[in-house]
Amino acid sequence: MNSEQLSELVVDALEEVKAQDITVLDVRDLTEVTDYMVVASGTSNRHVKALIENVIEKAKAAGRRPLGVEGEDGGEWVLLDLQDALVHVMQPKVREFYNLEKLWSLGSAGDRVATDG
């Protein structure tokens, strides 16, 4: 399974448990840490945990064991590391505060133009 197929598996698993506002970011040109970041929202601590659990279950069934999971205890923001895909599932207020989509869409340093001002 390549990284693109993995990101599709993640999206399918999130959709299956009714994740909201799923965004897939292709970060291959921005970092060597991962190929894709998948960001989604859950409506409550319980929903966030259920979303991550479903992604873990589907990934394991496809032969991809998670490297790590962070934030499960709190359930406001859970990060799942599948190596070729990092999955961030957050409650809406946390997602709005950190705004990962904007952070990772800024492009590489070479793509930004310095301005005076």
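## A tour of a five-stranded sheet and its helices

In strand E5, Met90 is the residue that Trp77 stands opposite. This pairing is a good place to enter the model, which is a predicted one.

**The sheet**

Trp77 belongs to E4, and E4 runs antiparallel to E5, with 5 bridges joining the two. Between them is a hairpin with 3 residues separating the strands, and Gln83 sits in the turn. On its other side in the sheet order, E4 meets E3: here 3 bridges join the strands, again in the antiparallel sense. Val69 has Leu80 of E4 as its bridge partner. The E3 and E4 hairpin has 6 residues between its strands, and Gly71 there takes a positive phi near 90 degrees.

Now step back to the whole sheet. It is open, has 5 strands in the order E1-E2-E5-E4-E3, and shows mixed pairing. E1 and strand E3 (68-70) are at the edges; each has a single partner strand, so one side of each has no neighbour in the sheet. On average, neighbouring strands are turned by 10 degrees against each other, direction ignored. At the E1 end, E1 and E2 pair antiparallel over 5 bridges, and Thr23 stands opposite Val39 in E2.

**Helices on the sheet**

H1 packs on this sheet and touches E1, E2 and E5, with its direction making about 5 degrees with that of E2. The 14 residues of H1 should span 20 Å at 1.5 Å a residue, and the end C-alpha atoms are indeed 20 Å apart. At the start of the helix, a side-chain oxygen of Asn2 comes to within 3.0 Å of the backbone nitrogen of Glu4. The buried residues of H1 are Ser3, Leu6, Ser7, Leu9, Val10, Val11, Ala13 and Leu14. Their cover includes strand E1 (20-26), E2, H2 and E5.

H2 lies across E2, E3, E4 and E5, and runs at about 160 degrees to E5. Leu51 is one of the residues in helix H2. With a relative accessibility of 0%, Leu51 counts as buried. Not counting residues up to four places away in sequence, Leu51 touches Leu14, Val17, Lys18, Ala19, Ser41, Gly42 and Val89. Leu51 and Met90 are 39 residues apart along the chain, and their C-alpha atoms are separated by 10.0 Å.

**Two nonpolar cores**

The largest nonpolar core holds 22 residues, and Leu14, Val55, Leu82 and Val87 have the most contacts inside it. At least two residues of this core come from each of helix H1 (3-16), strand E2 (36-41), helix H2 (45-61), strand E4 (77-81) and strand E5 (85-90). Val55 gives a good view of how the pieces meet: leaving aside neighbours within four places in sequence, Val55 is in contact with Val10, Ala13, Leu14, Leu80, Leu82 and Val87. Apart from this core lies another, of 8 residues, among them Leu25, Met37, Val39 and Leu100.

E4 itself has two faces: Val78 and Leu80 are on the covered one, while Trp77, Leu79 and Asp81 are on the uncovered one.

**His88**

His88 is found in strand E5. Is His88 buried or exposed? His88 is buried, because its relative accessible area of 7% is under the 20% limit. The side chain of His88 makes a polar contact with the side chain of Trp77, at 3.1 Å. Beyond residues up to four places away in sequence, His88 touches Met37, Val38, Val39, Ala40, Trp77, Val78, Leu79 and Leu100. Met37, Val39 and Leu100 are also among the members of the 8-residue core.

**Positive phi angles**

Most residues other than glycine have a negative phi. Here are three that take a positive one.

| Residue | Place | Phi |
|---|---|---|
| Lys18 | just after H1 | about 65 degrees |
| Gln83 | loop between E4 and E5 | about 70 degrees |
| Asn99 | loop between helix H3 (92-98) and helix H4 (100-104) | near 45 degrees |

How accessible are the two loop residues? Gln83 is partly exposed, with a relative accessible area of 46%. Asn99 also counts as partly exposed, at 33% relative accessibility.

Conventions: Residues are numbered from 1 along each chain as its sequence is written. This is a predicted model: local features need pLDDT of at least 70, side-chain atom pairs count only at pLDDT 80 or more; totals for chains, interfaces and linings use all residues. Side-chain values use heavy atoms; hydrogens and water are left out. A nonpolar core is a set of buried Ala, Val, Leu, Ile, Met, Phe, Trp, Tyr and Cys residues joined through side-chain atoms within 4.5 Å. Buried means under 20% relative accessible area, exposed over 50%, partly exposed in between (1.4 Å probe, protein chains only). Helices (H or I, at least four residues) and strands (E, at least two) are DSSP runs, numbered from the N terminus. Contact means heavy atoms within 4.5 Å. A polar contact is a pair of N or O atoms within 3.5 Å; within protein, one must be able to donate a hydrogen and the other to accept it, and residues adjacent in sequence count only if both atoms are side-chain atoms. The expected span of a helix is 1.5 Å times one less than its number of residues. Two strands pair if DSSP finds at least two bridges between them. Axes are lines fitted to C-alpha atoms, for helices over the stretch in contact, and angles run from 0 to 180 degrees between N-to-C directions.
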